[in-house]
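Below are my comments on the model, set out as numbered points. Please read them beside the sequence and the coordinates.

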Amino acid sequence: MVEVWRSLGRSVLGCQILVCLTEKLRAAGKSSHRSECCTRELGSSQAALEPRTITHALCEVVSVLQRKTLVQRLLPYLLPGLLRQVSETLGEELAPSVGDLESADMPGSVLLRAELVPQRLLQSLFPWLDSPSANLRLTATAFFAELMKDKLVEERKLLKPLLEALGERARDPVSTVRQMAVRGLGNAASGAPAKLRRHGAAVVSVLLRGLEDAASTEVAAESLLVLAKVLGLLEARAVGSAFEEISRASRAFWGAEEEVLRRSAFVLYGALASSASRRRSFFSREVEAAFPSLVLHLGDPAPAVCNACKVSLHLCAPFLGSKRVRQRIAASIGLSAAELQDEICRHLAQDCPVLLERLWSTARSCCMGSCVAPQAAAVHVLGLLLDTVPTAWLQQQDLAFLSGAETKCYVFGPRKGD
C-alpha cells in the first residue's frame, strides 16, 4: 500500500489524490459525531481504522508530491484534521502533561516561522478553545499562545478576542491549559505591546488570579513571570492599586518550598522595582520591610534563586532609606550572591544596629519555620552574624531558639577573636 500511494503521489493525479484524501480526513473527523445508526453501518473497527489509514496515505503522498505549494494551500484543512487525530489517539483518559504542552506549541511556532497562518486555519482552531476535549483545548490554547508573539495578532485585529479567550482558558479545569493561557497573555507583550497597555488592568487581574492557583505550582510560577513581563510595559500608575497587591503576593512566595516559585517571585520583585518610580513612597516602605528577607535569600540553597535575589536586591537598593547601605550594595555589584550577603551582614553588624536587629529577627523566625529552604538560608545568615556581631550585642539576645542540636552544630563554631 505504501508503494501504491507513493506511485499515485508521483503521478499526474498526485494533486487530485491529495485533495481527495484531505476531504476524506475532514469527513472522518466528523464521524465521531455521527448518529449511532451510521456508526453501526460502518462498524466500530472500520470507523476507528479509517482516519489512521487516511493519515498514512496522506503522509506517503505528500512525501513524493512535486508541487509543494498545494500542501500550503491545503494546510488550513489538513492541519486541524491531523491535530484532531492526534487528540483522539491520545484519548481523554490521558491528562495532558508538560510534554504535551510543549509539543502543542510546535504547530504554532513552525507555522509562524514559515509565515503560514491563513485566516481559515484560525477559524478552524478557534472553536477548539471551548471544546469538551481537554486535548483539543490544550492544542488550541498552545497554538494561540504562540500566535500572541507575532504582529499578526495586531494586523488581523485579533488581540481583544484572544485576550478574552485566554482569560477564559485561565480558568480551565486542566492545569496545563491554564498555564498555556497565562503564557499567551505574556506573549502579547511581544506581539502587540502598544495594544496590550490598553487592556493592562484586565490582564493583571487574570494573572493575580493565577497566583492563587494552589492546585498547580506551574501556573503560579508562570503567572509570576508573566506579571514581571507585563510590568515592563505598564507604568505603576497604570497598574493602579494592583501594584501593592502584586508586591505583597510576590513576597508571599519567597518562603515557598518549590524553587521555581521562589525564583519567579524574586524576578517579579525586581520588575516591580524597575517600574516603581511613580510609586516611590509606597515601594520605599515595601523595600524597607522586605530588605531582611532579601539579604537572607542571598544564601538560598538553590543557585538560581540566589542569583534572582541578587538582581532584585540591586534593583531595590535605591529605595532603601540608609544611604550607607545603598552605597555598600552599589559598590558590590561584581560580587557573587554569597559574597554580597557576607558583605552586607558584616556592614550591618558594624554600622547599622536597627537593620541588624531586623535581620536577626527575620532569620530567627525563618529558622523556627517548617520550610526547609528558607530555614537553611536563615541558619546560614545566623552563622555569619554570630561570627561578626560584637559579643556584648550577642549577650543581649535570646538564643533559646538555637537549642536544636542540628542548628547548634551548624551555627555555633569557634568565633573569630574568641
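1. R6 has a relative accessible area of 30%, so this residue is partly exposed, falling between the 20% limit for buried and the 50% limit for exposed. The model is a predicted one, and R6 sits in its helix α1, which covers residues 2–10. With neighbours up to four places away in sequence set aside, R6 contacts E60, S63 and V64. The C-alpha atoms of R6 and L65 are 8.4 Å apart, although 59 residues separate the two in sequence.

2. S175 is a second partly exposed residue, since its relative accessibility is 29% and the class runs from 20% to 50%. S175 belongs to helix α11, residues 175–191. Outside its neighbours within four places in sequence, S175 is in contact with S216 and V219. From S175 to A215 the C-alpha distance is 7.8 Å, at a sequence separation of 40 residues.

3. Two threonines of helix α8 can be taken together. T141 lies in this helix, which spans residues 134–147, and T139 is also found in helix α8. T141 has a relative accessible area of 0% and is therefore buried. T139, at 13%, is buried as well, because the limit is 20%.

4. What does T141 contact, leaving aside its neighbours within four places in sequence? The residues are L129, L166, R169, V177, M180 and A181. For T139, a side-chain contact to the backbone can be listed: its side chain reaches the backbone oxygen of N135 at 2.9 Å. T139 and P107 are 32 residues apart along the chain, and their C-alpha atoms are separated by 8.8 Å.

5. S275 is placed in the loop between α17 and α18, the latter being residues 280–296. Is S275 buried or exposed? Its relative accessibility is 11%, which is under 20%, so S275 counts as buried. The side chain of S275 comes to 3.1 Å from the backbone oxygen of A271.

6. On the chain as a whole, the secondary structure consists of 25 helices and zero strands. The protein chain has 418 residues, and 50% of them count as buried. Its exposed area is about 20200 Å², of which carbon and sulfur atoms supply 55%. Among contacts with a separation of 6 or more, 72% are between residues 24 or more positions apart.

7. The largest nonpolar core contains 107 residues, and F283 and F291 have the most contacts inside it. Not counting residues up to four places away in sequence, F291 touches L313, L320, V325, I329, I344, L348 and L355. There is also a second, separate core of 16 residues, with I17, L21, A57 and L58 among its members.

8. How many aromatic pairs does the structure hold? There are eight. One of them is F143 with F144: the ring centres are 5.3 Å apart and the planes stand at 80 degrees, so the pair is edge-to-face, a class that needs an angle over 60 degrees. Both partners are buried, F143 with a relative accessible area of 3% and F144 with 1%.

9. W254 and Y269 also make an edge-to-face pair, because their planes are at 80 degrees, with the ring centres 4.9 Å apart. This pair links distant parts of the chain: W254 is in the loop between α16 (242–252) and α17 (259–274), while Y269 is in helix α17, 15 residues away. W254 and Y269 are both buried.

10. W254 and Y269 belong to one aromatic cluster, together with F243, F266, F282, F283 and F319. F283 thus appears in two of my points, as it is also one of the residues with the most contacts inside the largest nonpolar core. At F319, another member of the cluster, a charged residue should be noted: R280 lies over the face of the F319 ring, at 4.7 Å from the ring centre.

Conventions: Residues numbered from 1 in each chain as written. Predicted model: local features only at pLDDT ≥ 70, side-chain atom pairs only at ≥ 80, totals over all residues. Heavy atoms only, no water. Core = buried A, V, L, I, M, F, W, Y, C linked by side-chain atoms within 4.5 Å. Buried < 20%, exposed > 50% of the residue type's maximum accessible area, 1.4 Å probe, protein only. Contact = heavy atoms within 4.5 Å. Phe/Tyr/Trp six-rings, centres within 6.5 Å; stacked < 30°, edge-to-face > 60°. Helix = DSSP H or I, 4+ residues; strand = E, 2+ residues; numbered from the N terminus. Lys NZ or Arg CZ within 6 Å of the ring centre and 35° of its normal. Areas by Shrake-Rupley, 256 points an atom, 1.4 Å probe, with all protein chains shown as cover. Polar contact = N/O pair within 3.5 Å; in protein donor to acceptor, adjacent residues only side chain to side chain.
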